[in-house]
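Thanks for coming. I will go through one two-chain model this morning, beginning with a place where the chains meet.

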Amino acid sequence: MLDFPRWRVWMLSLLVLVGVLLAIPSVLPTSIRAQLAQFVPTPTINLGLDLAGGSHILLEADTSQLAETRLEALEDSVRSAMRRTDPRIAIGNVSRANGQLSFTVTDSSQVDAAREALLPLTSNTLGSRDWNIGVNDGNRIVLSPASTGNETALDQAMDTAKDVIDRRINALGTLEPTIIRQGENRIVVQVPGLEDPEALKALIGKTAKLEFKLVDEQADPDQTAKGIARVGSQVLPYPDNPSGLPNIAVRRLGGISGDKLIKADPTFDQQTNEPAVTIQFDSEGGQKFARMTQQNTGKLFAIILDGQVISAPQIKEPIFGGISQISGSFTVESANALSISLRSGALPVDLKIVEERSVGPDLGADSIRRGILAAVIGTTSILVLMFAVYGRFGMYANIALVINIGLILGVMALANATLTLPGIAGFVLTIGAAVDANVLINERIREELKRGRRVVQAIEFGYKEASRAIFDANSTNVIAAVLLFIFGSGPIRGFAVVLMIGIVTSVFTAVTLTRMWVAGWVKRTRPQELVI
Amino acid sequence: MKLLKLVPDDTNIDFLKWRVFAFALSLVLMAASIGLVATKGLNFGVDFIGGQMIRATFTQSATAPVSELRTKVGTLGYGEPTIQRFGKENQVSIRMKLPEGADKNPELANAMAVKITNKLKADYPGVRIDGVDSVSGKVSEELFSKGMLALLAAMAGVSLYIWIRFEWQFGVGAIWSLVHDVTLTFGLFSLVGLEFDLNIIAALLTIIGYSLNDTVVVYDRIRENLMKFRKMDMAGLLNLSVNETLARTVMTSVSISLPLLVLVFFGPDVIFGFSLAMAFGIIVGTYSSIYQAAPILIWLKVGPHSFVPTEGAAPKAERLGESFGAQP
């Protein structure tokens with residue numbers, strides 16, 4: 001046991017050296033680290049939001065709304081598919097109840113033709129089926145979502161949403177956000193160093209779905225005020241309605257959506273000099289917009305953002321070229337935010353903020369300072385205690401402990417792990433627990449000496465007998481740490497990571513390294529007596 | 001050189017003499033803890049009941065105007081706030097229930113935070129907002145159930161490990177002492193009314209790991225002595241094992257509690273509860289491995305017959321120990 005071949009000594013020393021070197025960039029000041037980074041890679045430990053300050057936002061998609069949006073889109077494509085068939089298929093009694101789209105084919109002899117025309121709509125580009133087609137009562141066609149359809153749609157929507165959020169946050173400037181999908185319908189957004197998350201939340205919380213619909217000018221104002229719409233119309237909220245009503249009736253169909261924009265910029269209205277947003281459609285959207293304005297010159301059209309009318313101007317003349325201006329009661333900031341949101345595209349699904357945590361940088365800095373202070377005091381007291389109690393063997397344990405601290409930092413840097421506030425506590429705890437292995441070994445050596453064994457034999461027995469308990473004790477800690485990691489979230493995971501790394505490195509330093517040094521000492525001096 | 005000895009050589013303290021008394025005391029304390037949690041309840045943070053917590057420091061005054069704040073925030077129309085000092089005298093956390101309908105419309109929660117922080121900034125020019133936490137009811141329910149699941153899984157997991165490595169009685173002893181430690185920590189939090197949040201669950205899981213650390217060392221010695229002294233009566237054997245490992249128990253407890261106590265007294269305020277839970281749990285855990293985990297083996301009728309030295313758990317354990325640590 002006390003026999004250490006030379007190659008083993010070299011290997012262990014090299015391992016320690018590499019591990020500790022890895023820790024160095026993390027403890028250097030940022031400016032020096034930046035200079036160093038030009039010559040060598042500088043893996044660093046990330047600081048968690050609770051230490052660096054910043055915002056953590058958990059967004060959840062409204063899945064029921066996604067299903068509704070899909071149904072709406074399906075209705076649109078079904079209507080145009082039925083119009084395009086030759087001869088045209090007349091349909092009526094369209095319903096989107098119960099998560100299904102159903103309609104009656106007026107001429108029941110056309111049911112088969114209608115089915116034929118619908119087939120391309122029921123599968124997606126990957127070839128798997130999104131919708132099931134059924135026929136009830138001879139002429140009523142029912143389209144119901146296939147089981148995988150909604151899941152795939154959600155999955156795609158979440159991916160798109162993640163990209164959209166990424167684009168929107170990047171538009172804010174130099175932030176370094178982490179945006180990850182979590183579970184089926186959630187997205188985590190973490191932005192370090194952001195003190196006031198209001199601007200961020202205003203950006204990512206908005207769906208930014210822009211629509212243009214004709215105002216239903218024949219609607220009865222009394223009915224509209226009560227929120228009742230005629231057939232083919234819908235009532236939408238309109239907070240800035242000049243007529244004083246809180247809402248307005250718009251025609252359900254025949255509008256165009258603003259999801260095909262190539263540009264959106266904040267500007268000022270030339271007449272009123274108030275903040276506004278100019279938008280430019282792509283060529284297809286521009287043509288549609290031109291057609292709509294041409295056919296409806298003189299009428300009012302509503303500009304709708306996320307289901308709420310922001311203004312309803314009159315179409316004075318056809319608008320060609322696809323450039324339009326949106327005015328409403330904007331401030332400079334809100335016009336800017338809206339143009340960013342429109343530029344980066346609408347979110348395919350509404351996202352709600354279900355959890356939000358923000359930490360100011362001062363509190364984080366205070367936590368780091370106090371955490372480091374506690375770690376330093378804790379470590380120093382242990383070093384003194386170990387040396388006082390175990391002498392030479394305590395000294396070995398102390399060197400191992402210091403190396404252990406370096407190794408934990410090194411491994412964390414290499415793994416690009418995040419140090420959180422509970423992580424610092426985990427660090428302090430690991431320092432205390434790391435010497436436990438040495439205590440076990442040294443106490444055992446003491447016992448074996450008392451039983452009258454010779455020095456070398458006592459040391460050998462000490463290491464051998466203590467390893468069993470060290471192994472079991474650390475195994476239980478690993479079990480707890482792994483569960484902590486699996487079930488924990490955010491800062492707690494940071495704590496679990498420190499614990500796991502600490503357990504592995506502390507066994508290595510406290511058992512393997514000290515044994516190597518003890519073996520070297522025994523070989524050199526052949527001690528007949530041992531003070532421990 | 002004269003070395004320091006925390007525990008004199010060859011102690012022979014009759015720890016087990018007090019086992020019935022200690023067990024009764026522990027039962028009473030556990031019952032009291034459960035009773036406290038049932039009647040007084042735990043001071044759950046927003047992590048577990050949802051709501052909003054705003055942390056603020058009043059940089060220009062020595063103490064935070066807690067009662068004044070309570071009235072001021074109360075008049076904003078969002079109901080009565082829970083205001084607590086944390087850390088320094090001029091730091092407070094203001095906790096609010098989320099406004100009605102905030103689950104559907106997060107704007108409402110947002111608006112509340114803005115309104116409260118604006119009110120603070122307007123009325124107290126020196127105020128510094130240190131953070132805002134907003135957790136919806138749905139997320140808090142998930143965090144709570146996940147946290148409890150983690151606790152149960154950890155207790156079951158480590159006990160199972162002990163059962164595999166030792167004997168089933170040792171597994172029972174381990175889980176009993178864990179339940180003991182966790183229950184008393186719950187009781188402490190209910191008693192002092194410290195905020196119970198996700199961090200405390202993390203502390204409890206760590207306590208489970210380290211409380212068992214002690215138990216394992218004592219158990220390992222009991223197993224070794226059971227195979228060595230096959231005629232010794234059980235109480236005497238447990239006493240011997242506890243005494244033999246006493247120096248280590250004391251030394252390790254001191255070396256783990258030292259940094260934890262430093263953390264409690266000098267560490268970051270935000271994790272005061274977390275540090276306290278760990279320090280308390282480690283100390284209770286040391287007591288429980290001597291006075292709960294060990295005597296339970298007598299009542300579960302563990303004896304030399306539990307380990308047949310030729311084949312079974314112990315030699316296997318020894319082989320594992322060797323392959324892990326010592327070189328042949």
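Start with a strand pairing that crosses between the chains. Strand β18 of chain A, residues 351-359, pairs with β5(B) in the antiparallel sense, over five bridges. Within that pairing, Ser134(B) of β5(B) has Glu356(A) standing opposite. Please keep in mind that this is a predicted model.

Now the contact as a whole. How many residues does each chain give to the contact? Chain B gives 73 residues and chain A gives 69. On the chain B side, the elements that each supply at least two residues are α4 (106-123), β5 (127-135), α5 (137-165), α7 (198-228), α9 (246-266), α10 (272-293) and α12 (313-324). By residue class, the side of chain B that touches chain A divides into 44 nonpolar, 17 polar and twelve charged.

Next, chain B by itself. Chain B has twelve helices and six strands. Its C-alpha atoms fill a box of roughly 80 × 50 × 45 Å along the principal axes. Of its 328 residues, 50% count as buried. If we take contacts in chain B between residues at least 6 apart in sequence, 76% of them join residues at least 24 apart.

The domain assignment splits chain B in two: domain 1 covers 15-42 + 140-324, and domain 2 covers 51-135. The C-alpha centres of these two domains of chain B lie 40 Å apart.

There is also annotation for this chain. In an unreviewed entry, UniProt places "transmembrane region" at residues 20-38, 143-163, 170-194, 200-219, 240-265 and 271-291 of chain B. I will take two of those segments from the record and look at the model there. Residues 240-265 of chain B are 96% helix and 0% strand, with the end C-alpha atoms 36 Å apart. For residues 271-291 of chain B, the chain is 95% helix and 0% strand, and the end C-alpha atoms are 30 Å apart.

On to the interior. Which residues touch the most other members of the largest nonpolar core? They are Val428(A), Leu484(A), Ile94(B), Leu205(B), Ile208(B) and Leu260(B), in a core of 223 residues. Helix α11 of chain A, residues 361-414, contributes the largest share of this core, 20 residues.

Take Leu260(B) as one case. Leaving out residues up to four places away in sequence, Leu260(B) touches Val428(A), Leu429(A) and Gly432(A) in chain A, and Ser275(B), Met278(B), Ala279(B) and Ile282(B) in chain B. Apart from the largest core lies another, of eleven residues, including Met82(A), Val105(A), Ile141(A) and Leu143(A).

That brings us to chain A. Its assignment gives three domains: domain 1 (6-53 + 360-525), domain 2 (64-150) and domain 3 (210-321). Between domain 1 and domain 2 of chain A, the C-alpha centres lie 65 Å apart.

The last item is strand β14 of chain A, residues 275-281. Is β14(A) mostly covered or mostly open? Five of its seven residues are buried, so to speak of it as mostly covered is fair. With β13(A), residues 261-268, β14(A) pairs in the antiparallel sense over seven bridges. Ala264(A) has Ile279(A) as its bridge partner there. The hairpin of these two strands has six residues between them, and Asn273(A) takes a positive phi near 65°. β14(A) is also joined to β17(A), residues 323-327, by five bridges, again antiparallel. In that pairing, Thr278(A) stands opposite Gln325(A).

That is the end of my walk-through.

Terms used. Residues numbered from 1 in each chain as written. Chains lettered and ligands numbered in written order. Predicted model: local features only at pLDDT ≥ 70, side-chain atom pairs only at ≥ 80, totals over all residues. UniProt positions renumbered as here; feature names shortened; annotations may be inferred. Helix = DSSP H or I, 4+ residues; strand = E, 2+ residues; numbered from the N terminus. Contact = placed C-beta atoms within 7 Å. Nonpolar A, V, L, I, M, F, W, Y, C, P; charged D, E, K, R; others polar. Pairing = 2+ DSSP bridges. Domains from an automatic or database assignment. Core = buried A, V, L, I, M, F, W, Y, C linked by C-beta atoms within 7 Å. Buried ≥ 20, exposed ≤ 12 C-beta atoms within 10 Å, placed from the backbone.
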